[in-house]
Amino acid sequence: MAWTFKREEQTFEQIAAGDHRAIITNVERKTSRAGNDMLELTLAVSGYNSTIKSWIVFLEDRPEITNRTLTQLMDSFSIPESDMQNCNVENWIGRSGGIHVEMREGNDSNEYASVRYFLTGRKLENLPPWQGEAPKTISGFATATPGEEDDLPFDFS
């Protein structure tokens, strides 16, 4: 094989802290470190070429926390209540809403962007229109705060 190697570093722009318009590009059913069911949402963020993830952990002993987060998600991304009740996560892909991003310190002492909560009401209404090219989604439809941080699939400490 004839190949001339040239080093190419992967670069992406860090998503800034603050409120952002976002589109759900993927939803996966997973299991948390503590063994709870959870959903991992992948979100494209307006004005950025990178994505951000949000985890919703289903806490059987604290269902009000999970239900509050799901309600925020539903209201922010205009997800029909029937799709929430039946957990039709495939229908969530392509939906547009808003997220509040905070910077957190990871295990390696580097800062990274993290979804703190989903925007609703005036905060959502006041977001600027989508900037850049909207992501292509695998769904035909248009358009986290985890309840307990110690139940995420990774460790913040």
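This passage walks through the sheet, the helix packed on it and the nonpolar cores of a predicted model.

A good place to start is the sheet. Five strands make up an open sheet with antiparallel pairing, arranged in the order E3-E2-E1-E4-E5. E3 and E5 are the edge strands, each pairing on one side only. From one strand to the next, the twist averages 45°. Strands in a sheet pair through backbone hydrogen bonds, in either a parallel or an antiparallel manner. Here, E2 and E3 run antiparallel and are joined by 7 bridges; leucine 41, for instance, has serine 54 in E3 as its bridge partner. Helix H1 packs on the sheet and touches E1, E2, E3, E4 and E5, with its direction at about 130° to that of E4.

Turning to the interior, the largest nonpolar core contains 25 residues. Those with the most contacts inside this core are Ile24, Ile52, Leu73, Phe77, Trp92 and Ile99. At least two core residues come from each of strand E1 (18-31), strand E2 (37-45), strand E3 (51-57), helix H1 (63-77), strand E4 (96-105) and strand E5 (111-118). Another core, of 5 residues, lies apart from the largest one and includes Met38, Trp55, Val57 and Ile65. In soluble globular proteins, nonpolar side chains tend to be buried together.

Tryptophan 92 offers a closer look at the largest core, being one of its residues with the most contacts. Beyond its neighbours within four places in sequence, tryptophan 92 is in contact with Ile24, Val27, Leu39, Leu70, Leu73, Ile79, Asp83 and Met84.

Technical notes. Residues numbered from 1 in each chain as written. Predicted model: local features only at pLDDT ≥ 70, side-chain atom pairs only at ≥ 80, totals over all residues. Heavy atoms only, no water. Core = buried A, V, L, I, M, F, W, Y, C linked by side-chain atoms within 4.5 Å. Buried < 20%, exposed > 50% of the residue type's maximum accessible area, 1.4 Å probe, protein only. Helix = DSSP H or I, 4+ residues; strand = E, 2+ residues; numbered from the N terminus. Contact = heavy atoms within 4.5 Å. Pairing = 2+ DSSP bridges. Axes fitted to C-alpha atoms, helices over the stretch in contact; angles between N-to-C directions.
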